[in-house]
Amino acid sequence: MRDDALLHELLEAEDEASATSALAKRGLLDDVKHWRYIGDLRNNESIILAQQSSATAALIEKYTNGLDAVLLRLCKMKGIDPRGPKAPKTMVDAVDMFFGDLEGKGFDAIRDVADHNLVLYATGGKARPSLSLYDAGEGQLAKDFPTTFCSLISAGDRGSYKGAVPFVQGRFNMGGTGVLQFCSKERKLQLIVSRVPDELAKRKDHEWGYTIMCYFPGKDGQDPSWRYLVDDSGEHVYTAGNSPLALLPRAGVPKGLPAPRERKVSSGTLIKMYDYEAPKSNICGELFKKIEEYLLRPALPLRIIECRKEYTAKVMAVTVWDCMARWAKNGKIEDDFMDGASFEVTLDNGETVPGEIRVFKAEALGDD
């Protein structure tokens, strides 16, 4: 079912009240036939709440999913089966194959990669921002939302959507819902908008698909569940035509206050997390620092842009990229550990987890 106006209102809504108002005035919010259980599991709360323990960790899972989608798009556009013998064996191999040596690129080039692939920006209120994360990845057809974005644990008979792809991280088909508990206070709202690139879809008439995830506490707290919006059929998500959508701030270094939805894109995925639990500050500051703690050496750079006028500052956009190299350049790492001391830990299931040891120079303490 196509409803361009509803999508526009949900994109423009910057808090839970505005988003639920858009749904309520159409009679959708309280109409049970328009809400399908996430993962088709009635008792899905136990899975959704048993994931990341912090809002930042949950947000990193969104970055990971976006990164996976970008690499999958580029792999498929080269005519390579992501599960086939010609596919990259690791994420490092995939980045090298599709982007070349990013470590050798200058800051402007890295910013450009981020601007066109992975962007996180803040809108909404001063207390709790609405965070939108866009990835220029493979996207999903509207008909496939139930077995991709809106699935849990498995995706039908084939199992996890990314389970057999060696160069991606999000293989367990559940982590993306970890942000829900940190979204808006009452209904935990998250909007998903996506379209497959024409080159991958082998057609141009396929539409943008979209849905919104919502928490239903149940009567007197009994039978709580998480559901997503579907059309009159009770099965399919909504659509919004196939024209490019304005989903992103302008690329490059912003002058003044960035407009949140100025740049149009023809495909990819936007996840909007309403009233997200984040530090009460410009996201280029405290949230940027928190994200860097998890992404010390990210596979691809992430662009972060502040679009709230209440937090207008000298810096309105930053790029998360290889802070290890920055620390080394600034003389914070001991000379003998510039490249780190590598090691591996073998898990009980036989898989190995790589690690590095770095030694930082001690900072001089004050007289106090």
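**Salt bridges, burial and packing**

Colleague: How many salt bridges does the count come to?

Modeller: The count comes to 21 salt bridges. The model is a predicted one.

Colleague: What makes Arg-36 and Asp-40 a salt bridge?

Modeller: The cut-off is 4 Å between a side-chain nitrogen of Lys or Arg and a carboxyl oxygen of Asp or Glu. In this pair N and O are 2.8 Å apart, so the pair counts as a salt bridge.

Colleague: Are Arg-36 and Asp-40 buried or exposed, and how do you know?

Modeller: Buried means under 20% relative accessible area, and exposed means over 50%. Arg-36 has 15%, so Arg-36 is buried. Asp-40 has 47%, which lies in between, so Asp-40 is called partly exposed.

Colleague: Why is the contact of Arg-250 with Glu-262 called a salt bridge, and which parts does the pair tie together?

Modeller: The N to O distance is 2.4 Å, and the limit is 4 Å, so the name applies. Arg-250 and Glu-262 both lie in the loop between β8 (245-248) and β9 (263-265), so the pair ties together parts that are 12 residues apart in sequence. Arg-250 is exposed because its relative accessible area is 58%, over the 50% mark. Glu-262, at 36%, is partly exposed.

Colleague: Where does the pair of Glu-306 and Arg-308 stand on the burial scale?

Modeller: Glu-306 has 0% relative accessibility and Arg-308 has 1%. Each value is under 20%, so both residues are buried. The closest N and O atoms of the two side chains are 2.8 Å apart, and they form a salt bridge.

Colleague: Which residues are linked in a network of salt bridges?

Modeller: Asp-3, Glu-9, Lys-25 and Arg-26 are linked in such a network.

Colleague: How do you know that Pro-129 is buried, and what does it touch?

Modeller: Pro-129 sits in strand β3 (residues 129-135). Its relative accessibility is 0%, under the 20% limit, so Pro-129 is buried. Leaving aside residues up to four places away in sequence, Pro-129 touches Ala-122, Thr-123, Met-273, Tyr-274, Asp-275, Tyr-276, Ala-278 and Arg-308. Pro-129 and Pro-279 are 150 residues apart in sequence, and their C-alpha atoms are 9.0 Å apart in space.

Colleague: What covers the buried residues of α6?

Modeller: The buried residues of helix α6 (residues 107-115) are Ile-110, Arg-111, Val-113, Ala-114 and Asp-115. Their cover includes α5 (91-99), β2 (118-124), β9, β11 (302-306) and β12 (317-320).

Colleague: What is the make-up of the chain as a whole?

Modeller: The chain holds nine helices and 14 strands. Of its 368 residues, 53% are buried. Among contacts between residues at least 6 apart in sequence, 68% join residues at least 24 apart. The accessible surface is about 17700 Å², and 50% of that belongs to carbon and sulfur atoms.

Colleague: What makes Val-359 fit for a place in a nonpolar patch on the surface?

Modeller: A patch residue needs over 30% relative accessible area and no salt bridge. Val-359 has 31% and is partly exposed, so it passes the area cut-off. Val-359 lies in the segment after β14 (352-357). The patch is formed by Phe-343, Val-345, Leu-347, Ile-357 and Val-359, with about 370 Å² of accessible area together.

Colleague: How many cavities of 30 Å³ or more are counted, and what lines the largest cavity?

Modeller: The count is one cavity of 30 Å³ or more. The largest cavity holds about 40 Å³ of space, so it meets that limit. Its lining consists of Leu-59, Ile-60, Tyr-63, Leu-120, Leu-133, Ile-291 and Leu-302. Helix α4 (residues 55-77) gives the largest share of this lining, three residues.

Colleague: What is notable in the phi of Lys-188 and of Lys-202, and are these residues buried or exposed?

Modeller: Lys-188 is not a glycine, yet its phi is positive, about 55°. Lys-188 lies in the loop between β3 and β4 (190-195). With 16% relative accessible area, under 20%, Lys-188 is therefore buried. Lys-202, also not a glycine, has a positive phi of about 60°. Lys-202 is found in the loop between α7 (198-201) and β5 (209-216). At 72%, over 50%, Lys-202 is therefore exposed.

Technical notes:
Residues are numbered from 1 along each chain as its sequence is written. This is a predicted model: local features need pLDDT of at least 70, side-chain atom pairs count only at pLDDT 80 or more; totals for chains, interfaces and linings use all residues. Side-chain values use heavy atoms; hydrogens and water are left out. Helices (H or I, at least four residues) and strands (E, at least two) are DSSP runs, numbered from the N terminus. Buried means under 20% relative accessible area, exposed over 50%, partly exposed in between (1.4 Å probe, protein chains only). Contact means heavy atoms within 4.5 Å. Accessible areas come from the Shrake-Rupley method with a 1.4 Å probe; for residues, only the protein chains shown count as cover. Patches are made of residues with over 30% relative accessible area and no salt bridge: like charges are joined within 9 Å, nonpolar side chains (Val, Leu, Ile, Met, Phe, Trp, Tyr) within 5 Å. On a 1 Å grid over the protein atoms alone, a cavity is a set of points where a 1.4 Å probe fits but cannot get out, and a pocket is an open set with protein on both sides within 12 Å along at least five of seven lines; lining residues have an atom within 4 Å of a point.
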